[in-house]
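Let's take a friendly walk through a protein model, one piece at a time. Keep the picture at hand as you read.

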Amino acid sequence: MADAVRRKMLLVVNPVSGKKLAKQYMMRMVNRFDQAGYSVTACCTQIDKNAYEIVKNRGKEFDIIVCCGGDGTLKETICGIMQLGLDIPIGYLPMGSTNDFAHSLNIPTDVYKAVEAIINGEPKPVDIGRFGDEYYMYVAGFGNFTAISYSANQKVKNVLGKNAYYLQAVKEFFHMKPFHARVEADGEFFEGDYFYGAVSNSYSVGGMPVLHNMGVEFDDGRSELVLVEMFKTPAQMAALAHDMIHQSVAGNKLVTIRHCKHVKFMFDEPMPFTLDGEFGGEHTEVEVETLEHAARIIIQKPEWVSLEDEPDFEGAPKEVEEK
Ligand SMILES: [Mg+2]
């Protein structure tokens, strides 16, 4: 294919994400993208936050940016794109330990399938969260458990995957305490002693699919505010754990969920936050906003065939395999 029609791809690779498999796949990935008509420039991240720098410095030269790494690498990539104000399709080859965001968007976690999904897929507008001066993709949270994903040892994470988080959760369980907060969400006010609080745009957080069937959409311009009051009795604690495991937290009296666009968190003293599983600084007051359709992430096309494209369709019901 002539270079003139080749689309220029920036491939940002974090070689140490997850099980450090990116290097092994590298040649085949580049080769496949090349076959599909892309001119690939690959950059490996060398240090923390490097994906952000690479994208910020070079992003404007390309037609598509593909990120190969964990959710943290994707977050940095998107932050770089947001800083540049670029409207560019983003591909994601998930190689992290939990790949929460990939699961939520139905991006394949098998690397070759993910490559094909980028080649054959289509960009989908998704919302991005603004947290003060920073950006996040799926969760900004405070309270118990929020330090888990960044405090769980990377080696432990690689070996145990999600279990590393649960292991850390069990350790933290014995150190749980309430965090006093005032929260304003689209004009509604809340105040209390919270066990956990977050603004999220994902079904699952830390690998736990706690927000299934609760109207979570990635492109609705709204996020979910989740506030969990501190439990006071062992029975309350047991009920909360039960409801989390059974994905039915909406009915729990300690849990408040709101679909909203603007959230302001206020604390009496600086509160550590986590953004997409990484330390997000300490804040006494911080505003969180959902930026509607701020990025375009390539997802695989649905496998079903629409009726318009089906010439033989004669009104007969067809069996559709549910996934
Ligand atoms: Mg949403």
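Below we go from the whole chain to single helices, and then to a few residues in loops.

**The whole chain**

Keep in mind that this is a predicted model. The protein chain contains 9 helices and 13 strands. Of its 323 residues, 40% are buried. Among contacts between residues at least 6 apart in sequence, 74% join residues at least 24 apart.

**Helix H1**

Helix H1 covers residues 22-35. Because each residue should add 1.5 Å, the 14 residues of H1 are expected to span 20 Å, and the 19 Å between its end C-alpha atoms agrees with that. H1 also has a kink of about 25°, centred on Arg-28.

Which residues of H1 are buried? They are Ala-22, Met-29 and Phe-33. The cover over these buried residues includes strand S1, strand S2 (38-44), strand S3 (64-69) and helix H5 (111-120). An α-helix has 3.6 residues a turn, so residues three or four places apart point the same way. You can look for this pattern as you turn the model.

**The loop before H1**

Pro-15 belongs to the loop between S1 (7-13) and H1. It counts as partly exposed because it has 16 C-beta neighbours inside 10 Å, while a buried residue needs 20 or more and an exposed one has 12 or fewer. Setting aside neighbours within four places in sequence, Pro-15 is in contact with Lys-20, Ala-22, Lys-23 and Cys-44. One of these partners, Ala-22, is also a buried residue of H1. Gln-46 lies 31 residues away from Pro-15 along the chain, yet the C-alpha atoms of the two are separated by 8.3 Å.

**Helix H3 and its partner H2**

H3 runs over residues 71-84. Its 14 residues should span 20 Å at 1.5 Å a residue, and the end C-alpha atoms are 20 Å apart, which agrees. Is H3 largely enclosed or largely open? It is largely enclosed by the rest of the structure, because 11 of its 14 residues are buried. Among them are Leu-74, Ile-78 and Ile-81, and also Asp-71, Lys-75 and Glu-76.

Two packed helices are described by the angle between their axes and the distance between the axes. For H2 (residues 50-58) and H3, the axes come within 7 Å and cross at roughly 30°. The two helices are therefore roughly parallel to each other, since angles under 35 degrees count that way. Their crossing is right-handed. On the H2 side, the meeting residues are Ala-51, Tyr-52, Val-55 and Lys-56. Their counterparts in H3 include Thr-73, Glu-76, Thr-77 and Gly-80.

**Residues with positive phi**

Finally, here are four residues with a positive phi angle.

| Residue | Phi | Place |
|---|---|---|
| Gly-37 | about 100° | just after H1 |
| Gly-85 | near 70° | following H3 |
| Asn-106 | near 65° | loop between helix H4 (100-105) and H5 |
| Asp-186 | near 45° | loop between strand S8 (179-185) and strand S9 (188-200) |

Asn-106 has its positive phi although it is a residue other than glycine, and Asp-186 is likewise a residue other than glycine. Are these two residues buried or exposed? Asn-106 counts as exposed because it has 11 C-beta neighbours inside 10 Å. Asp-186 is exposed too, with 12 other C-beta atoms within 10 Å.

Technical notes:
Residues are numbered from 1 along each chain as its sequence is written. This is a predicted model: local features need pLDDT of at least 70, side-chain atom pairs count only at pLDDT 80 or more; totals for chains, interfaces and linings use all residues. Helices (H or I, at least four residues) and strands (E, at least two) are DSSP runs, numbered from the N terminus. Two residues are in contact if their C-beta atoms, placed from the backbone, lie within 7 Å. The expected span of a helix is 1.5 Å times one less than its number of residues. The bend at a residue is the angle between axes fitted to the seven residues ending there and the seven starting there. Axes are lines fitted to C-alpha atoms, for helices over the stretch in contact, and angles run from 0 to 180 degrees between N-to-C directions. Angles under 35 degrees count as roughly parallel, over 145 as roughly antiparallel, 65 to 115 as roughly perpendicular and the rest as oblique. A crossing is left-handed if the near helix is turned anticlockwise from the far one by less than a right angle, and right-handed if clockwise.
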